[in-house]
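The following exercises are to be worked with the sequence and the coordinates side by side. Each one sets a task and then goes through its solution step by step.

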Amino acid sequence: MKRKIIERPQSPRQRMINLMYIVLLAMLAMNVSTDVLNGFSLVEDSLQKSAENATKQNNAVYKNFERSYNNNQEKVGEWYKKALVVKEMSDNLYNFADSLKMLIAIEADGKNADLDHLKNRDDLEAATQVMLNPKRGLGRKLFENIVYYRMEILNIVNDTLQREIIRNNFSTDVPVSAGSLGKNWQEYNFENTPVAAAITILTKLQNDVRYAEGQVLHTLVENVDASDLRVNALKAYVIPTTQNVVKGNSFSGQIIMAAVDTTARPVIYIEGKKITSPDGYFEIPTKSTGDFKLSGYMELNQDGRILKRDFEQKYSVVPPSATVSATMMNVLYAGYQNPVSISVPGVPANKISVSVKSGSAKLSSKGTDYVIVPSKVGQDVVIAVGAKQQDGKIQSMGDYTFRVRQLPDPTPFIEYTDANGTQQRYRGGGQPLPKRFLMSAPGIVAAIDDGLLNIGFKVISFETTFFDNLGNAVSELSDGDQFSKRQIDRFNRLTRGKRFYIQRVKAQGPDGIERQLTTSLEVIVQ
């Protein structure tokens with residue numbers, strides 16, 4: 001339900017008061033005459049009356065809030081508690097400004113000072129002593145209270161226009177002018193300011209506090225109203241668990257009325273039959289596939305008047321099916337943990353069952369995919385997928401067959417760390433390998449690394465073949481997957497442009513099969 005924002009434009013009286021306040025401040029900058037001081041008194045009286053009227057209006061809203069809270073704490077409680085927080089913040093700032101006014105009056109007229117009948121209205125020292133005395137720090141405290149109040153109020157008010165008004169009313173920015181250079185907010189407003197003007201400034205602040213408080217209260221009231229039933233915004237909705245239902249399952253969901261009050265439950269009819277669930281839950285068995293439509297109506301008794309709203313929801317019934325796909329390949333490899341993605345439309349992952357013929361299956365660490373391990377090469381793997389029904393039975397979603405192959409031979413390479421600290425793989429191919437990288441490599445590695453698969457193999461042994469100056473081949477045997485001392489001695493004697501070969505590599509894959517690789521690695525030393 002969209003909530004209508006109620007704007008509260010300033011009254012002509014309030015706009016006139018603000019205008020008078022600005023004009024009198026300008027006149028004060030030129031000359032503090034009796035007429036100017038009298039003008040401040042007029043503005044002070046008007047602001048005071050305006051603040052008192054706003055206080056009365058706000059108190060009336062608080063009383064209505066309290067009455068609504070007592071009638072329905074569940075609905076109003078959240079907003080009523082926020083209203084009490086706003087009241088406390090507003091009263092604190094309002095009362096603090098009131099105490100500052102009295103302190104300034106006492107500083108000017110003595111302990112028997114009367115705010116309504118000031119004697120030394122033109123005193124230029126009183127406001128300075130009260131507000132800017134470093135021992136008291138009252139001006140700074142007022143500044144901090146205004147900043148905090150502005151921030152908290154703006155966090156509640158949503159209307160853009162009202163937010164701008166409040167932001168301007170509580171602005172603590174110092175205008176850029178010759179007279180304000182180097183001054184902070186409290187110095188700009190209260191340094192050498194006549195008593196009449198200083199008290200008027202504080203009264204205007206009190207007036208602004210009550211105005212902002214009223215705006216927040218109206219926002220909170222609107223939030224309460226948003227939860228009430230309104231005839232012109234009532235709509236009936238069907239919220240299905242899913243719109244695609246597997247044949248044999250039930251089409252289920254919830255029927256609700258927008259902004260429905262929890263104390264007023266509607267009566268719901270589907271195809272003319274009343275449903276008994278108090279929360280609007282329903283189930284309709286499905287017997288055939290195709291597109292279907294659920295229709296009905298709901299009735300709500302509101303103050304003795306029956307409100308009726310129709311509803312309609314389309315849904316589809318599909319035959320049992322599952323999606324089974326090998327994540328990285330279109331075949332499975334024997335002895336290897338093949339990642340396989342398995343899903344059933346309209347069925348959550350925790351309701352899917354998987355069994356494998358000629359292999360095993362388990363959930364991956366991600367909890368969404370499966371790991372399939374075939375038993376042996378040449379024997380197809382059959383993955384049977386089922387879905388757990390509401391009655392606990394497993395409904396078959398189909399069988400899916402994959403061919404099983406032996407893992408292909410890996411490729412040997414030298415793994416080293418380059419000057420940037422990045423791990424690299426040297427595969428030959430006519431590219432030279434800097435000698436320092438060759439000397440830092442402990443041995444060789446073998447893996448299937450074709451951009452799709454990345455399967456490591458255990459290197460059991462390998463040979464290196466060098467050629468002397470007469471062209472004779474000299475072979476050296478490795479120490480497992482590591483370079484032997486004799487091989488390393490040969491590396492040390494190699495000069496730039498020389499080459500040698502790594503061949504007769506024996507490796508064992510994750511399938512446990514040991515194989516001798518037919519490929520060799522040509523290494524050109526740089």
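A residue counts as buried when its relative accessible area is under 20%, as exposed when that area is over 50%, and as partly exposed in between. The model is a predicted one, and the values below are computed from it.

**Exercise 1. Determine how well strand 14 is covered, and find which strands it pairs with.**

Step 1. Strand 14 comprises residues 370-374, and with the cut-off above, four of its five residues are buried, so that the strand is described as mostly covered.

Step 2. On one hand, strand 14 is joined to strand 11 (residues 338-343) by three bridges, and these two strands run antiparallel. A bridge within this pairing sets P339 against V371 of strand 14.

Step 3. On the other hand, strand 13 (residues 359-363) is also antiparallel to strand 14 and is joined to it by five bridges. Here G359 has P374 of strand 14 as its bridge partner.

**Exercise 2. Establish the strand order of the open sheet that contains strand 15, and identify its edge strands.**

Step 1. The sheet is open and consists of three strands in the order 12-15-16, with antiparallel pairing.

Step 2. Strand 12 (352-357) and strand 16 (394-402) each pair on one side only, and they are accordingly the edge strands. On average, neighbouring strands of this sheet are turned by 20 degrees against each other when direction is ignored.

Step 3. For the register, consider strand 15 (residues 381-388), which pairs with strand 16 in the antiparallel sense over eight bridges. G386 stands opposite S396 in strand 16.

**Exercise 3. Two residues other than glycine, N192 and S358, have a positive phi; locate each one and decide whether it is buried, partly exposed or exposed.**

Step 1. As background, most residues other than glycine have a negative phi.

Step 2. N192 has a phi near 55 degrees and is found in the loop between helix 7 (185-190) and helix 8 (195-226). Its relative accessible area is 47%, so N192 is partly exposed.

Step 3. S358 has a phi of about 65 degrees and is found in the loop between strand 12 and strand 13. With a relative accessible area of 18%, S358 is buried.

**Exercise 4. Check whether the end-to-end distance of helix 3 agrees with its number of residues, and find where the helix bends.**

Step 1. Helix 3 (residues 73-109) has 37 residues, which at 1.5 Å a residue should span 54 Å. The expected span is obtained from one less than the number of residues.

Step 2. The end C-alpha atoms of helix 3 are 50 Å apart, which agrees with that expectation.

Step 3. Helix 3 bends by about 30 degrees at W79, and just after the helix, G110 takes a positive phi of about 100 degrees.

Step 4. E107 is found in helix 3 and is partly exposed, with a relative accessible area of 37%. Although E107 and V130 are 23 residues apart in sequence, their C-alpha atoms are 7.5 Å apart in space.

**Exercise 5. Classify the ring pair formed by Y416 and F437, and describe the surroundings of its two residues.**

Step 1. A search of the whole structure finds 13 aromatic pairs. In the pair of Y416 and F437, the ring centres are 4.8 Å apart and the planes stand at 20 degrees, so the pair is stacked, given that planes under 30 degrees apart count as stacked.

Step 2. Y416 belongs to strand 18 (residues 411-417) and F437 to helix 9 (residues 435-440), so the pair ties together parts that are 21 residues apart in sequence.

Step 3. Both residues count as buried: Y416 has a relative accessibility of 15%, and F437 has one of 11%.

Step 4. R436 lies over the face of F437, at 4.5 Å from the ring centre. Elsewhere, the charged end of K308 sits over the ring of Y297, 4.3 Å from its centre, and ring pairs link F462, F466, F483, F491 and F500 into a cluster.

Definitions and conventions:
Residues are numbered from 1 along each chain as its sequence is written. This is a predicted model: local features need pLDDT of at least 70, side-chain atom pairs count only at pLDDT 80 or more; totals for chains, interfaces and linings use all residues. Side-chain values use heavy atoms; hydrogens and water are left out. Two strands pair if DSSP finds at least two bridges between them. Axes are lines fitted to C-alpha atoms, for helices over the stretch in contact, and angles run from 0 to 180 degrees between N-to-C directions. Buried means under 20% relative accessible area, exposed over 50%, partly exposed in between (1.4 Å probe, protein chains only). The bend at a residue is the angle between axes fitted to the seven residues ending there and the seven starting there. Rings of Phe, Tyr and Trp (its six-membered ring) pair if their centres lie within 6.5 Å; planes under 30 degrees apart count as stacked, over 60 as edge-to-face and the rest as tilted. A charge sits over a ring if NZ of Lys or CZ of Arg is within 6 Å of the ring centre and within 35 degrees of the ring normal.
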